[in-house]
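Student: I would like to take a close look at one part of this protein, the surroundings of its cysteines, and I would be glad of one connected explanation.

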Amino acid sequence: VMILCMKEKNKRMPRNPGFEKESIWPVPQIDLTRCDGCGLCIKVCPSHALQLREELVVVAFPERCDYCGLCEQICPQKAIERTFEIVFP
């Protein structure tokens, strides 16, 4: 059984509509006001879920995301946040 828990931060980040597909699996949230399009997160993503579109990074393939957090860790602008924690009881 997997449980999804909201992290204590409960803020909404501006997102570009139409870029991220709907997904029942949680995906990292990208703050497009902070993203500078450097592409470091794309390079470290082992599942190739991210893409650069219109000079900004988006979760283009949410079904591929394994929620590992490497993108969040490497982002120099702190533009990526995983808003859910996956807990296996």
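Student: Which cysteine sulfur is closest to the sulfur of Cys 68, and why is there no bond between the two?

Tutor: Please keep in mind that this is a predicted model, and that every distance below is computed from it. The closest cysteine sulfur to that of Cys 68 belongs to Cys 45, and because the two atoms are 6.2 Å apart, they are too far from each other for a bond. A disulfide is a covalent bond between the sulfur atoms of two cysteines, and the cut-off applied here asks for a pair of cysteine sulfur atoms within 2.5 Å. By that rule the count of disulfides is zero. Cys 75 is likewise in no disulfide, its nearest cysteine sulfur being that of Cys 38, at 6.1 Å. The surroundings of Cys 68 and Cys 75 can be described by their exposure: Cys 68 is partly exposed, with a relative accessible area of 36%, whereas Cys 75 is buried, at 9%.

Between these two positions in the sequence runs helix H2, residues 70-74, which contains Glu 72. Glu 72 counts as buried, because its relative accessibility is 19% and the limit for that class is under 20%. The side chain of Glu 72 makes a polar contact of 2.8 Å with the side chain of Arg 82.

Other cysteines belong to the nonpolar interior. The largest nonpolar core has 17 residues, and Cys 35 and Cys 41 are among those with the most contacts inside it, together with Ile 30, Leu 50, Val 57 and Ile 80. Strand S4, residues 56-59, gives this core its largest share, three residues. In soluble globular proteins, nonpolar side chains tend to be buried together. Leu 50 shows how cysteines and aliphatic residues meet, for among the residues it touches beyond four places in sequence are Cys 41, Cys 45 and Cys 71, as well as Ile 30, Ile 42 and Val 57.

Ile 42 lies in helix H1, residues 40-44, and is partly exposed, with a relative accessible area of 26%. Leaving aside neighbours within four places in sequence, Ile 42 is in contact with Leu 50, Gln 51, Leu 52 and Val 57.

As for the setting of these parts, the chain has two helices and six strands, which follow one another in the pattern β-β-α-β-β-α-β-β. Of its 89 residues, 40% count as buried, and among contacts between residues at least 6 apart in sequence, 58% join residues at least 24 apart.

Notes. Residues numbered from 1 in each chain as written. Predicted model: local features only at pLDDT ≥ 70, side-chain atom pairs only at ≥ 80, totals over all residues. Heavy atoms only, no water. Buried < 20%, exposed > 50% of the residue type's maximum accessible area, 1.4 Å probe, protein only. Helix = DSSP H or I, 4+ residues; strand = E, 2+ residues; numbered from the N terminus. Polar contact = N/O pair within 3.5 Å; in protein donor to acceptor, adjacent residues only side chain to side chain. Core = buried A, V, L, I, M, F, W, Y, C linked by side-chain atoms within 4.5 Å. Contact = heavy atoms within 4.5 Å.
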